[in-house]
Amino acid sequence: MEGMSLTLVSETFLDCCDEVMVPGPSFSEYEFSGTLMGAKVKTVPLSGNYQYHVEDILSAVTERTKILFLCSPNNPTGTILLKSQLQQILDSIPKSVLVVLDSAYSHYVTSNDYTDGIEFVKAGYPLLVLQTFSKVYGLAGIRVGFGVSSPEIISGILQVKEPFNVNALAQLAAAAAIQDDEHVQASRRLVTEQRKKLYAKLQALGVGYTESMSNFILVELGPDAELIYRKMMEKGVIVRYGGTWGLPNCVRVTVGTPEENDMLIEVMSEVLA
Ligand SMILES: Cc1ncc(COP(=O)(O)O)c(C=O)c1O
């Protein structure tokens, strides 16, 4: 088994002075991996309610653009790139741009308009889909992810990849996890059900949020968000403060078990009071 990582993708395809495009706010590793290779990282803002805007993305492409990183569901907003939007991007973007679709959270999506991208790879589009064992499979500590793409793109990456980049124990764990459909289904069910319940409880608290297709929800707490985040932490509930994504009024909360979610809401309402 060969492992895939964002830095490996950037090492393979980027040189100094290339441009990388990231619709954002999004997962910080895209920017990190581009910067590591000396590339210029261009952030294209998501639209007002954190939706992807295809025209904005396409019009930001220049002759230097080498990689477009798309994250769907997007971390930290939980919003998705629609299947029709991916189709439009792949049909319109210059062939010199590698489109990378990180569908790390794909298993939590319930929308019919979603694609994890693999069908587009099968249809022959020059797309690289990234997946990880760190999310629904619950194995972040084994550090394994994989990529799905055309033989040409994969063979380019294999030229750069160091040998044996996934250790034998991690391979065993990954091989077992990918067959554990029961776990995946149970986790999907839990998140789908608890996500809805959290929406209702956040509404009851009078708190705004963005509807999510992932296992986290971006919650709008206003100018006191950082203070609320700190006070919640003092009471034993860790949420992620949005400041690092340029979202100073927000926190990202993980959808947990019913007990964890009850505790989250209880502590949040105490702190808000
Ligand atoms: C969108 C996205 N992709 C990938 C990852 C990381 O996956 P890994 O643990 O395989 O590096 C994360 C983790 O936060 C993520 O949010």
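**Exercise 1.** How far from an oxygen atom of the ligand does a polar side-chain atom of serine 134 lie? Find this contact in the predicted model, then look for others.

*Solution.* Start with serine 134: one of its polar side-chain atoms is 2.5 Å from a ligand oxygen atom. Next, move to threonine 132, where a polar side-chain atom also lies 2.5 Å from an oxygen atom of the ligand. Then turn to aspartate 102, whose side chain has an N or O atom 2.6 Å from a nitrogen atom of the ligand. Finally, consider the surface: the ligand alone exposes 390 Å², and the protein buries 80% of that.

**Exercise 2.** Describe the surroundings of the ligand by residue class.

*Solution.* First, locate the site: the ligand takes up the space of the largest pocket. Now list its neighbours, among them Phe27, Tyr30, Cys71, Asn75, Lys135 and Arg143. Last, sort the shell by class, which gives five nonpolar, three polar and three charged residues.

**Exercise 3.** Which domains does the assignment give, and where do they begin and end?

*Solution.* Begin with the bounds: domain 1 covers 6–178 and domain 2 covers 182–272. Next, take the centres over C-alpha atoms; they are 26 Å apart. To finish, look at the contact between them, to which domain 1 gives 20 residues and domain 2 gives 19 residues.

Methods: Residues are numbered from 1 along each chain as its sequence is written. This is a predicted model: local features need pLDDT of at least 70, side-chain atom pairs count only at pLDDT 80 or more; totals for chains, interfaces and linings use all residues. Side-chain values use heavy atoms; hydrogens and water are left out. A polar contact is a pair of N or O atoms within 3.5 Å; within protein, one must be able to donate a hydrogen and the other to accept it, and residues adjacent in sequence count only if both atoms are side-chain atoms. Accessible areas come from the Shrake-Rupley method with a 1.4 Å probe; for residues, only the protein chains shown count as cover. On a 1 Å grid over the protein atoms alone, a cavity is a set of points where a 1.4 Å probe fits but cannot get out, and a pocket is an open set with protein on both sides within 12 Å along at least five of seven lines; lining residues have an atom within 4 Å of a point. A molecule sits in a cavity or pocket if more than half of its atoms lie within 2 Å of its grid points. Ala, Val, Leu, Ile, Met, Phe, Trp, Tyr, Cys and Pro count as nonpolar, Asp, Glu, Lys and Arg as charged, and the others, Gly among them, as polar. Domain bounds come from an automatic or database domain assignment. Contact means heavy atoms within 4.5 Å.
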